[in-house]
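Okay, thanks for making time, everyone. I'd like to walk you through one model today, so let me put it up on the screen.

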Amino acid sequence: MHVRELTNLPTPDFAFDPSVPGACVTGVRPYRKGTFRLNSERVSGRFVVHNYGHGGAGITLSWGCAAKVQDMVRQFLATSPQTEAAVLGAGVMGLTAATMLLDLGLKIRIFSDRKLTDTTSFKAGGQWAVSVVETAMNQQDLKAIIKTSYTTFKDSIGKGFGVCERPNYCPKPADGLEMVLNLLPGLLPARQRLDRLPFQNHTQPGFLYRTLLIEPPIFLPRLKNDLEARGVTFVDKRFASKADILATVPQKIIINCTGMGAKKLWNDTEMAGVRGYLAMLPAQPALQYLYSRNGYLFPRSDHVVIGGTTDPGEDEDLNPAKCKELVDVLAAAFGRLAQVPMPVDHIDHPRNRRLADPRLSVSD
Ligand SMILES: Cc1cc2nc3c(=O)[nH]c(=O)nc-3n(C[C@H](O)[C@H](O)[C@H](O)COP(=O)(O)OP(=O)(O)OC[C@H]3O[C@@H](n4cnc5c(N)ncnc54)[C@H](O)[C@@H]3O)c2cc1C
């Protein structure tokens, strides 16, 4: 579909003070070469289901992966009845898996060494897009995961989970959404081509997608509260090793949702963090769209989130200069700043292609 005339949408206010507490965020995407890990194994008499390595798409894929975890545990229970399960990790993968396991009638205990607000999941921008993740897995399984995730989030709109549908305007095709349009035609609304993007200072053609925005600061506490209300207990615990887990956790069923932690705990050499910086601007309710171009802009109810960098690295040190750079790049795109040079670790810079093989999606 081709759309010709559009009036301009409101221009963001790019005023940004990186010294304000909370204005700069650094997170490490739990990226895994080849594919995220979603399988089971028997370890010293335990049934362990792994659910980690979802890179920049953990929120996006969460409900679908949780449904697969539920399938694996249901099959196990058919021959080995149990009443309890332990979930390691209280990020989005652990919380959604625990939610689905409750439906099997299991008593659940969740172990985590971070407060919810310190997890990578809480730092995520929140767009529903299959980005910065490798998916070399059975295509039927992948389709089922993506479909279940999308429809579950879509069904939760307006129910207090912090989910809404939003247009996303992009000068170039967005890999993380194009992938879904190709794999599952009809799941997302059709993408439109625009003669120009409807913003000040924009004269070039572009694309209009419709996707979901999931606000982690609403979604994750809601999941946690619902779990607690259903009797799930949370245990503050740092595991040093796999042996420590097996010695400490009494449950026979163990769901491993430790994100980057799995690299050391499970000695998984395929795990390689992909760091991202986020600039958190004050909320601007007039902005009801997402925008992706050399970074992204996600207006949420708590902040306007500007992010999109991907660079190899696993430390979470704050980098105010990098956050300011991110803001300046987008401010320049909207004509609010003289053109700025492209930061070297920006998403579209060719140097970033070294992060992974061609299956890595780096557009969102
Ligand atoms: C900057 C940035 C932007 C992002 N934007 C998006 C986006 O827009 N959309 C999207 O879908 N995804 C996005 N992501 C990706 C998303 O945040 C991750 O894929 C997701 O959070 C992974 O969830 P998780 O539960 O596996 O990991 P985490 O949230 O990191 O949770 C891991 C849990 O395991 C626990 N744990 C780990 N090791 C141990 C240990 N040794 N002992 C005890 N507990 C342990 C931790 O305490 C934590 O509770 C973004 C990520 C970043 C960094």
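I'll go through the sheet, a few single residues, the cysteines, one helix and then the ligand.

Some housekeeping before that. What you see is a predicted model, so local features need pLDDT of at least 70 and side-chain atom pairs count only at pLDDT 80 or more, while totals for chains, interfaces and linings use all residues. Residues are numbered from 1 along each chain as its sequence is written, and side-chain values use heavy atoms, with hydrogens and water left out.

Let's start with the sheet. It's an open one with six strands, in the order S3-S4-S11-S5-S6-S10, and the pairing is mixed. When I say strand or helix, I mean DSSP runs numbered from the N terminus: E for strands, at least two residues, and H or I for helices, at least four. Two strands pair if DSSP finds at least two bridges between them. At the edges sit S3, residues 37-43, and S10, residues 233-236, and each of those pairs on one side only. From one strand to the next, the twist averages 20 degrees. For angles, axes are lines fitted to C-alpha atoms, for helices over the stretch in contact, and the angle between N-to-C directions runs from 0 to 180 degrees.

Helix H2, residues 92-102, packs on this sheet, touching S4, S5, S6, S10 and S11. Its direction makes about 170 degrees with that of S6. Touching here means heavy atoms within 4.5 Å.

Now look at S4 and S11: they run parallel, joined by four bridges. Which residue of S11 is the bridge partner of Phe47? That's Ile253.

Over on S6 we find Arg109. Is Arg109 buried or exposed? Neither, quite: at 36% relative accessibility it counts as partly exposed, because buried means under 20% relative accessible area, exposed over 50%, and partly exposed in between, using a 1.4 Å probe and protein chains only. Its C-alpha is 6.2 Å from that of Val87, 22 residues apart along the chain. Leaving out residues up to four places away in sequence, Arg109 touches several others, including Ala85, Thr233 and Gln251.

Asp268 sits in the loop between helix H8 and strand S12, and it's buried, at 7%. A polar atom of its side chain lies 2.9 Å from the backbone nitrogen of Glu270. Among the residues that Asp268 touches are Arg32, Arg37 and Tyr52.

Cysteines next. How many disulfides are there? Zero, where a disulfide would be a pair of cysteine sulfur atoms within 2.5 Å. For Cys170, the nearest cysteine sulfur belongs to Cys164 and is 16 Å away. Why no bond for Cys257? Because the closest cysteine sulfur, in Cys65, is 9.3 Å off, too far. Cys170 is buried at 1%, and Cys257 is buried at 6%.

Helix H5, residues 175-183, has buried residues including Leu177, Val180 and Leu181. The buried residues of H5 pack against helix H4, strand S7 and strand S9.

Last, the ligand. It's surrounded by 38 residues, counted when a heavy atom lies within 4 Å. Gly55, Thr60, Asp113, Ser121 and Gly126 are the closest. A backbone N or O of Gly56 is 3.0 Å from a ligand nitrogen, and a polar side-chain atom of Thr120 is 3.2 Å from a ligand oxygen.

Key:
A polar contact is a pair of N or O atoms within 3.5 Å; within protein, one must be able to donate a hydrogen and the other to accept it, and residues adjacent in sequence count only if both atoms are side-chain atoms.
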